[in-house]
Each structure stands twice: as structure tokens, then as C-alpha cells.
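Colleague: I should be grateful for a close look at one part of this protein, namely the open sheet and its surroundings. Please describe how its strands are arranged and what lies around them.

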Amino acid sequence: MKLSSIYSPDMTFNDVVEQLKALNESNKQLNATIERMSKELEALRHKDEELLFKALDPNAKLPVRKHATDAGMDIHCIKDYDIAPGERVIVQTGLAVAMPEDSVLYICPRSGLAANNGLTIVNTPATIDAGFRGELKVIMLNTGSEPVHFDKGDRVAQLELLTCRFPKP
């Protein structure tokens, strides 16, 4: 800003000082508005990345990340399960999910269950499209030689959210 835009020859020194104080206050308000709007825009940018879960069963637990930087969120079963060697079982989570339209949610095996018990997910990764609103279920297969038991609330798989690209055919 040029001094000529706030000063005129008929102004006193005190008038100029008051004008500068008013401009300074106006700049503070403008900076506060810019900062607030930047935060609101950042929140809107991340809003589309949210997963919105709905408990369909009173025993359902919300998915959790063990560590903040983990790609997967652990999901839990809503009742006890026993899976015999060679047996395939559909494990209920009691959860439904809504996600951004340009996303896909994968249900993936937990590596510890695979390594220690031979447990896998038949359709790995299970693909949950953005429009699906039913219960998330895990189709598990025991490839090991021993039965595997899950107590209600045990972690059975993990969810991974990915952004999709839709190329033209």
C-alpha cells in the first residue's frame, strides 16, 4: 500500500497514525479470516476421505488402527466362531459402511492369523464398492491343520481404503 493512499496534505500526524492503526486492525481481521477459511477448506478436503460406520448389531466394534500410520483398520467378529481345518465360514462384523464415491474398501487378511494359523480370506482382497450398504462379512478359510477359535470381539481381518480411478473402456 502506498502512503499516498492513506495520507492527504490536510491530515495531521495523529490522523495518519489513526489511519495506520485502523489498517493494522483490518489486516489482523483479514488474516484471522484467511486462517479460519483455510482450516475450513482443509476440513472439507478431508471430509471426503471419511468412512462412516453403522453398527448393525449391539456387539459390533468400530474398526481401529493399532498404530496411527497403519494402512489397515482391524475389524472384529460379533460372536464366537470355530473354524475346522479345510472349513470355510462367513464371519459377521455387524458393521455397514459408507465411503466416498471414488473409493473402494478392501477386506484383507491379518498376517498373524495367516502365518500362525493358516487362516486366510477366500476372496482376498474382498472388494467393497462405494455403493454397498450391507453388512461387512469376512469369508474365512482355515488352510491349517488345527481348528481356529475366535471369541466375540476378536480381530478377524483388516480394512484398507483406496481411491479408485475410472478409465474409459
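Modeller: The following account begins with the reliability of the model, then treats the sheet strand by strand, and ends with its surroundings.

The structure is a predicted model. Its mean pLDDT is 87, and 90% of the residues reach 70 or more. Confidence is highest in strand E4 (residues 88-92), at 98, and lowest in helix H1 (residues 13-47), at a mean of 76. Where pLDDT is low, predicted coordinates should not be read in detail.

The sheet is open and has four strands in the order E2-E11-E6-E8, with antiparallel pairing. Its edges are formed by strand E2 (73-76) and by E8, each of which pairs on one side only. On average, neighbouring strands of the sheet are turned by 30° against each other, direction ignored.

From the E2 edge, the pairing can be followed across the sheet. E2 and E11 run antiparallel and are joined by four bridges; within this pairing, Ile75 has Ala157 of E11 as its bridge partner. E11 is joined in turn to E6 by six bridges, again in the antiparallel sense, and here Tyr106 stands opposite Glu160 of E11. On the other side, E6 pairs with strand E8 (residues 126-129) over four antiparallel bridges, where Leu105 has Ile128 as its bridge partner in E8. In a regular strand, side chains alternate between the two faces of the sheet.

Strand E6 (residues 103-108) merits particular attention. Five of its six residues are buried, so the strand is largely enclosed by the rest of the structure. One residue of this stretch, Cys108, has a relative accessible area of 11% and is buried, because the limit for that class is under 20%. Cys77 also counts as buried, at 0% relative accessibility. The number of disulfides in the model is zero.

The sheet also contributes to the interior. The largest nonpolar core has 29 residues, of which Ile107, Val138, Phe150 and Val156 touch the most other members. Strand E11 (residues 155-163) gives the most to this core, with three residues. In soluble globular proteins, nonpolar side chains tend to be buried together. The contacts of Phe150 are nevertheless mixed in kind: leaving aside residues up to four places away in sequence, Phe150 touches Cys77, Lys79, Asp80, Tyr81, Ile83, Leu113, Leu119, Met140, Arg155 and Val156.

Two features beside the strands complete the picture. The first concerns the approach to the E8 edge. Pro125 lies in the loop between strand E7 (119-121) and E8, and the peptide bond that joins Thr124 to Pro125 is cis, with omega at about -15°. The second concerns the segment after E11, in which Phe166 is placed. Phe166 has a relative accessible area of 62% and is therefore exposed. Phe166 nonetheless touches Glu101 and Asp102, residues up to four places away in sequence not being counted. Although Phe166 and Asp102 are 64 residues apart along the chain, their C-alpha atoms are separated by 8.4 Å.

In summary, E11 and E6 are joined by six bridges, while E2 and E8 form the edges of the sheet.

Note on methods: Residues are numbered from 1 along each chain as its sequence is written. This is a predicted model: local features need pLDDT of at least 70, side-chain atom pairs count only at pLDDT 80 or more; totals for chains, interfaces and linings use all residues. Side-chain values use heavy atoms; hydrogens and water are left out. A nonpolar core is a set of buried Ala, Val, Leu, Ile, Met, Phe, Trp, Tyr and Cys residues joined through side-chain atoms within 4.5 Å. Buried means under 20% relative accessible area, exposed over 50%, partly exposed in between (1.4 Å probe, protein chains only). Contact means heavy atoms within 4.5 Å. Two strands pair if DSSP finds at least two bridges between them. A disulfide is a pair of cysteine sulfur atoms within 2.5 Å. pLDDT is the predictor's confidence in each residue, from 0 to 100. Axes are lines fitted to C-alpha atoms, for helices over the stretch in contact, and angles run from 0 to 180 degrees between N-to-C directions.
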